[in-house]
Amino acid sequence: MNDKQLIWQVTKKVRLTSFLQEKTRSSLSLNTFKKVIEKGLCQVNGKVQCFSSTQVEVGDYVALDNNWEKMTLSQKEGVQTTLYEDEYLFIVNKPSGWISEEKKERLYPVHRLDRGTSGVWILAKTRDVREKMMDLFAKREVKKEYIAIVDGVFKEKQGKIESLLRKIGEFQGQTIWGSSHTGLPSTTYYTVIGQVKKRSAVLCRPVTGRMHQIRVHLMEKKHAILGDYQYCKEFSSPGAVARLMLHSWRISFVHPYLQKKIMIRAPIPDEFFLLIPSLKKYEKDSSS
């Protein structure tokens with residue numbers, strides 16, 4: 001038995017959240033166990049399970065990280081760091097796990113980040129400001145840079161990925177996108193900025209802003225983003241990760257009201273350094 005995990009065998013069909021609540025004899029809510037699962041802290045039959053709607057069957061083996069409580073409850077859910085603010089914009093460092101589509105406290109999201117993606121997130125203080133910022137995005141006058149930790153080692157250290165993206169299905173109630181002969185044009189430039197055995201750090205510059213664009217482009221290039229269990233079930237890189245390893249690192253644009261160039265950077269999360277230590281030097285060199 002792995003001493004880093006709690007392991008049980010299922011004796012009756014039940015929802016995974018309820019199973020964990022019962023086996024841990026916890027008074028914590030089912031919503032807490034939903035977060036535990038979505039953080040990648042639970043495995044079913046040896047595979048990380050990130051969908052809380054999952055039902056486990058008789059005979060299944062369920063494993064839970066021994067430190068699940070500390071790893072879930074010690075993190076301040078919903079706490080973000082302000083990166084920039086003026087009378088028009090409020091820009092924050094979105095934590096992984098936050099849903100970005102919703103209006104937040106009288107603020108208006110200008111663009112979306114996938115729930116698991118962290119980093120620079122722009123909100124407007126009025127609807128008019130939101131419209132002007134969305135117009136900049138539509139005209140591709142906002143430059144975006146993401147950092148991803150991906151599976152495998154690249155042969156080409158930089159390149160351009162182009163495809164037509166469209167919805168190709170659903171999994172666990174979530175939309176799956178993929179390349180097709182019909183769809184929306186999408187372009188992503190990438191540069192490898194660090195690598196170790198069986199995994200790489202990649203700087204991605206999406207020209208277009210299609211849903212799940214970077215995730216699909218890297219997955220179809222056989223380098224799925226670590227923690228992206230929606231698009232990849234098995235990784236060659238050893239060890240499970242508790243989040244989607246995609247971070248909105250830098251965004252730059254000309255302020256539509258102040259008419260000055262704004263460049264916002266969200267520090268690379270510590271968990272990225274654990275997987276690719278050389279990213280610390282890269283971040284320092286890029287900041288100077």
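Which backbone nitrogen does the side chain of Asp151 reach at 2.7 Å? Select Asp151 and Ser237: the backbone nitrogen of Ser237 is the one reached.

Before going on, note that this is a predicted model, in which local features need pLDDT of at least 70, side-chain atom pairs count only at pLDDT 80 or more, and totals for chains, interfaces and linings use all residues. Residues are numbered from 1 along each chain as its sequence is written, and side-chain values use heavy atoms, with hydrogens and water left out.

**Around Asp151**

Stay on Asp151, which lies in strand E11, residues 143-151 (strands, E, are DSSP runs of at least two residues and helices, H or I, of at least four, numbered from the N terminus). Asp151 is buried and has no salt bridge; Arg199, the nearest side chain of opposite charge, is 7.5 Å away. Buried means under 20% relative accessible area, exposed over 50%, and partly exposed in between, with a 1.4 Å probe and protein chains only. A salt bridge is a side-chain nitrogen of Lys or Arg within 4 Å of a carboxyl oxygen of Asp or Glu. Leaving aside neighbours within four places in sequence, the contacts of Asp151 include Lys222, His223 and Phe235 (contact: heavy atoms within 4.5 Å).

**Salt bridges**

The count comes to 15 salt bridges. Remain in strand E11 and select Glu145, whose side chain meets that of Arg205 at 3.4 Å, N to O. This pair links distant parts of the chain, 60 residues apart, with Arg205 in strand E15 (residues 199-206). Glu145 is buried at 14%, whereas Arg205 is partly exposed at 34%.

Next, select Arg112 and Asp114, a salt bridge of 2.6 Å, N to O. Add Arg215 and Asp228 to see a network of salt bridges that links these four residues.

Then go to helix H7 (residues 279-287), where Asp285 and Lys281 are four residues apart and so about one helical turn from each other. Their side chains form a salt bridge at 2.7 Å, N to O. Lys281 is exposed at 56%.

**Cysteines**

Select Cys42 and Cys50. Their sulfurs are 9.1 Å apart, too far for a bond, although Cys50 holds the closest cysteine sulfur to that of Cys42. The whole structure has zero disulfides (a disulfide is a pair of cysteine sulfur atoms within 2.5 Å).

**Confidence**

Finally, colour by pLDDT, the predictor's confidence in each residue, from 0 to 100. The chain averages 88, and 92% of the residues score at least 70. Over residues 74-79 the pLDDT is below 50.

Key:
Lys, Arg positive; Asp, Glu negative; His and termini not counted. Polar contact = N/O pair within 3.5 Å; in protein donor to acceptor, adjacent residues only side chain to side chain.
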